[in-house]
Amino acid sequence: MAFVTKEKFLSNEWLSAYAYLILGSIIFAVSDILFVVPYKLAPGGVYGIATVLNTMFSWKISYCTFAMEIPLIILGTFILGPRFGIKTLLSIFTILSTVWVMETFVSPDYAKVIADPMLNTIVAGVFYGISIGFIFKSRATSGGSDIIAMILAKYTKLSLGKLVMIVDGIIVLFTLVQPTETGTIGWEFAIYSLIIIYIEGKIIDMVVSGANYHKTVMIVSDQFESISSKIRDDLKRGATIFTGTGVYSGEEKKMVYSVMSRRELEILKLHIREVDPSAFVNVTEANEILGEGFKSLNEE
């Protein structure tokens with residue numbers, strides 16, 4: 001068994017990881033109680049199921065979640081092996097304890113802090129995204145539906161990402177069984193929950209990868225020298241030139257590959273339009289860039 005040395009305990013990397021973990025777990029719990037439960041929303045995960053059970057039977061969120069998390073951890077350990085680690089267990093415990101404290105000692109007058117349902121949904125998605133992003137930055141997960149998806153991934157050919165979406169989507173459907181004030185099917189609960197999931201995903205990307213959006217650009221052009229010079233001399237960015245063969249023409253082609261900001265890309269596109277309007281340009285999102293000129297690998 002590996003022990004944490006005093007030097008490792010005091011290291012900035014170790015402290016920041018656990019600070020992200022604890023802070024993210026607390027924000028998740030507070031967001032769930034203040035913004036999700038009062039509006040009967042279920043944006044995936046075991047807390048989504050717990051919200052439905054709380055609405056229908058007045059069961060405590062913390063008790064319902066505890067009853068689901070523990071069997072999932074045991075089942076996941078039995079099927080997948082001991083893959084969850086101390087960080088995930090600490091995250092589960094911190095969220096559970098924070099939810100229990102708020103349910104037990106905080107006045108129920110907190111319900112519907114934000115009166116407008118759509119504004120509440122946006123705020124919930126933002127805080128959910130920040131909290132899960134912090135937990136991911138600490139190299140942990142919050143358990144729950146992640147464990148279910150990992151178990152299904154072992155026995156299916158679907159990717160883990162798709163399985164997480166399927167599991168959370170099914171959980172969202174549970175909101176349809178909740179009665180509305182008019183006694184109709186709760187489609188609005190499901191729609192608001194899906195909006196939270198969408199916003200949450202975008203915020204997670206911003207927290208984990210940073211808000212400095214960069215683009216990966218690949219340019220096939222006979223004017224590759226002029227384009228690469230523009231990137232190197234004016235934009236002060238690096239670039240790589242590849243040699244390939246066109247499938248239809250059979251001719252040898254040069255491709256310039258580079259990563260840059262949105263502003264720099266617009267400047268480069270103006271230059272390409274001037275020197276070679278017929279150039280082939282492919283632009284994609286660069287969610288995470290590591291290496292010289294960007295985030296150092298030592299920071300990972």
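Lys269 is a good place to start in this predicted model: with a relative accessible area of 32%, Lys269 is partly exposed. Its partner in a salt bridge is Glu266, and the closest N and O atoms of the two sit 3.3 Å apart. Glu266 is also partly exposed, at 44% relative accessibility. Both residues belong to helix α11 (residues 262-275), and because they are three residues apart there, about one helical turn separates them.

That pair is part of a wider set, as the structure holds six salt bridges. Another one joins the side chains of Glu285 and Lys215, with 2.6 Å from N to O. Here the two ends come from separate strands: Glu285 is in β4 (residues 280-286) and Lys215 is in β1 (residues 214-220), so this bridge ties together parts of the chain that are 70 residues apart in sequence. The two partners also fall into separate exposure classes. Glu285 is partly exposed, its relative accessible area being 44%, while Lys215 comes out at 14% and counts as buried, since the cut-off for that label is under 20%.

A further bridge links the side chains of Lys230 and Asp234, at 2.9 Å from N to O. This one stays inside a helix, α10 (residues 224-234), where the two residues are four apart, or about one turn. Lys230, like Lys215, makes it into the buried class, with a relative accessibility of 19%.

Then there is the nonpolar side of things. In soluble globular proteins, nonpolar side chains tend to be buried together. In this model, the largest nonpolar core has 39 residues, and the members touching the most others are Tyr47, Ile61, Ile95 and Val99. Plenty of helices feed into this core: α2 (12-36), α3 (45-57), α4 (61-80), α5 (85-105), α6 (117-137), α7 (145-155) and α9 (187-209) each bring at least two residues. The biggest giver is α2, which supplies nine residues.

What does Ile95 touch once its neighbours within four places in sequence are left aside? The contacts of Ile95 are then Ser25, Phe28, Ala29, Tyr47, Ile135 and Ser142. One of these, Tyr47, is itself among the core members that touch the most others.

The 39-residue core does not stand alone. A second core, separate from it, has twelve residues, including Val217, Ile231, Leu235 and Met260. Some of these can be placed against the salt bridges: Val217 falls within the range of strand β1 (residues 214-220), the strand that also carries Lys215, and Ile231 falls within helix α10 (residues 224-234), home to Lys230 and Asp234.

Conventions. Residues numbered from 1 in each chain as written. Predicted model: local features only at pLDDT ≥ 70, side-chain atom pairs only at ≥ 80, totals over all residues. Heavy atoms only, no water. Core = buried A, V, L, I, M, F, W, Y, C linked by side-chain atoms within 4.5 Å. Buried < 20%, exposed > 50% of the residue type's maximum accessible area, 1.4 Å probe, protein only. Contact = heavy atoms within 4.5 Å. Salt bridge = Lys/Arg side-chain N within 4 Å of Asp/Glu carboxyl O.
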